[in-house]
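I opened this structure for the first time today and kept notes as I went. The entries below follow the order in which I looked things up.

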Amino acid sequence: MKQNKYDDPEFFAKYSEMRRSIGGLDDAQEWHAFRALLPDLHHKRLLDLGCGFGWHCRYARQQQARSVVGVDLSEKMLARAAATTDDPGIEYRHSAIEDIDFDENEFDVVISSLALHYVESFHLVCQKIYRCLGAGGTLVFSVEHPIFTALAAQQWCCGPDGERLHWPVDVYQEEGPRRARWLTGDVLKYHRTVATYVNTMIETDFRISRLSEPVPTPEMLVEQPGLKDDCRRPTFLLIAAVKSAT
Ligand SMILES: C[S@@+](CC[C@H](N)C(=O)[O-])C[C@H]1O[C@@H](n2cnc3c(N)ncnc32)[C@H](O)[C@@H]1O
């Protein structure tokens, strides 16, 4: 049973209040690094897995992508995405990422921003992405960093006065579900090691071109000094890869 937390009214309301949900990509801490991994989108057919409010879909069309398909499990997220554009070049589809069934060679670029840590089998999804990408096509995705997902609590260890001492990492090698405490609490995420992400892609025959563990930009740190602790441990893991051209 796939978790559809974003359709829970209380969770949706909290998520909608987040800075990135209001300000969009420029207020997303890792966007500068994600954008740097994207290929030229001009005339490309793009698939966005776990598209949420559709920020990346709309960006792709601004970059002259030929067509964009956004997939998400949450009807509430898709309704907001659909209400934000009347662009006929974007199609939103209600589906779990795990259930996608596109034709071979249907896309030139597949992206996924902060959704694949909700998927139990990265192996299965990797194979489906590989199949629907054309030769030479690109996959770019971000997930919560495995150092971040290892412990379900996802909290700093604090001193007696509440000062953040360090980020605890434990049970890193034990892959599987985590009931994370986030927003309204109890969100099911899947922890995998960095090696599993990378090796699954290699075994699927992707050629990995870049990994990124971004920190907030200096401008963001001026605007939001509270983000400085996100320079102390990786929050996001971004991977870009290419399907071989033969
Ligand atoms: C953190 S939000 C990210 C949204 C968007 N990609 C962004 O970066 O702004 C995660 C999104 O993934 C979707 N999601 C989670 N699990 C999913 C699944 N198994 N299949 C499809 N979508 C899923 C959620 O509904 C939510 O819209």
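**Entry 1: strand 1 and its neighbours**

I began with strand 1, which is joined to strand 4 by three bridges, the two strands running parallel. I count two strands as paired if DSSP finds at least two bridges between them. Helices (H or I, at least four residues) and strands (E, at least two) are DSSP runs, numbered from the N terminus.

Before going on I noted that this is a predicted model, in which local features need pLDDT of at least 70 and side-chain atom pairs count only at pLDDT 80 or more, while totals for chains, interfaces and linings use all residues. Residues are numbered from 1 along each chain as its sequence is written, and side-chain values use heavy atoms, with hydrogens and water left out.

Within the pairing of strand 1 and strand 4, I found Leu47 opposite Val110 of strand 4. Strand 1 also runs parallel to strand 2, with five bridges between them. There, Leu49 has Val71 of strand 2 as its bridge partner. I followed the chain from strand 1 through helix 4 to strand 2 and noted a right-handed β-α-β crossover. Right-handed here means that, with the strands pointing away from the viewer, the path from the first strand over the helix to the second runs clockwise.

How many of the five residues of strand 1 are buried? I noted four of the five, so strand 1 (residues 45-49) is largely enclosed by the rest of the structure. Buried means under 20% relative accessible area, exposed over 50%, and partly exposed in between (1.4 Å probe, protein chains only).

**Entry 2: helix 5**

I looked next at helix 5 (residues 75-83), whose buried residues are Met77, Leu78 and Ala81. They cover an arc of only 95° around the axis, which puts them on the same side of helix 5. The arc is taken from the directions from the helix axis to the C-beta atoms. On the face turned away from that buried side I found the exposed residues Glu75 and Ala83.

What covers the buried residues of helix 5? The cover includes helix 1, helix 4 (55-62), strand 2 (67-72) and strand 3, where contact means heavy atoms within 4.5 Å. At the start of helix 5, I saw that a side-chain oxygen of Ser74 comes within 3.3 Å of the backbone nitrogen of Lys76.

**Entry 3: strand 11**

I then checked strand 11 (residues 236-243) and found eight of its eight residues buried. Phe236, Leu238, Ala240 and Val242 point one way, and Leu237, Ile239, Ala241 and Lys243 point the other way.

Which strands pair with strand 11? I listed strand 5 (residues 133-144), antiparallel over seven bridges, and strand 10 (residues 206-212), antiparallel over six bridges. From strand 5, Phe141 stands opposite Ile239. From strand 10, Ser212 has Leu238 as its bridge partner.

**Entry 4: helix 8**

In helix 8 (residues 194-203), I noted Tyr197, Val198, Thr200 and Met201 as buried. Seen down the axis, the buried residues of helix 8 fall within an arc of 160°, so they line one face of the helix. They pack against helix 6 (122-132), strand 5, helix 7 (146-149), strand 9 (187-191), strand 10 and strand 11. After helix 8 comes Asp205, and I noted its positive phi, near 90°.

**Entry 5: salt bridges**

Last, I searched the whole structure for salt bridges and got 13. I used the cut-off of a side-chain nitrogen of Lys or Arg within 4 Å of a carboxyl oxygen of Asp or Glu. Side chains of opposite charge can pair when their charged atoms come close.

One of the salt bridges joins Lys2 and Asp99, with the closest N and O atoms 3.1 Å apart. Lys2 lies in the segment before helix 1 (9-17) and Asp99 in the loop between strand 3 (90-94) and strand 4 (107-113), so the pair ties together parts that are 97 residues apart in sequence. I noted Lys2 as partly exposed at 35% relative accessibility, and Asp99 as partly exposed at 44%.

Another salt bridge joins Arg19 and Glu223 at 2.7 Å, N to O. Arg19 is in helix 2 (residues 19-23) and Glu223 in helix 9 (residues 218-223), 204 residues apart. Arg19 is partly exposed at 36%, whereas Glu223 counts as exposed at 55%. I also noted that salt bridges with shared partners join Arg19, Asp27 and Glu223 into one network.

Definitions and conventions:
A polar contact is a pair of N or O atoms within 3.5 Å; within protein, one must be able to donate a hydrogen and the other to accept it, and residues adjacent in sequence count only if both atoms are side-chain atoms.
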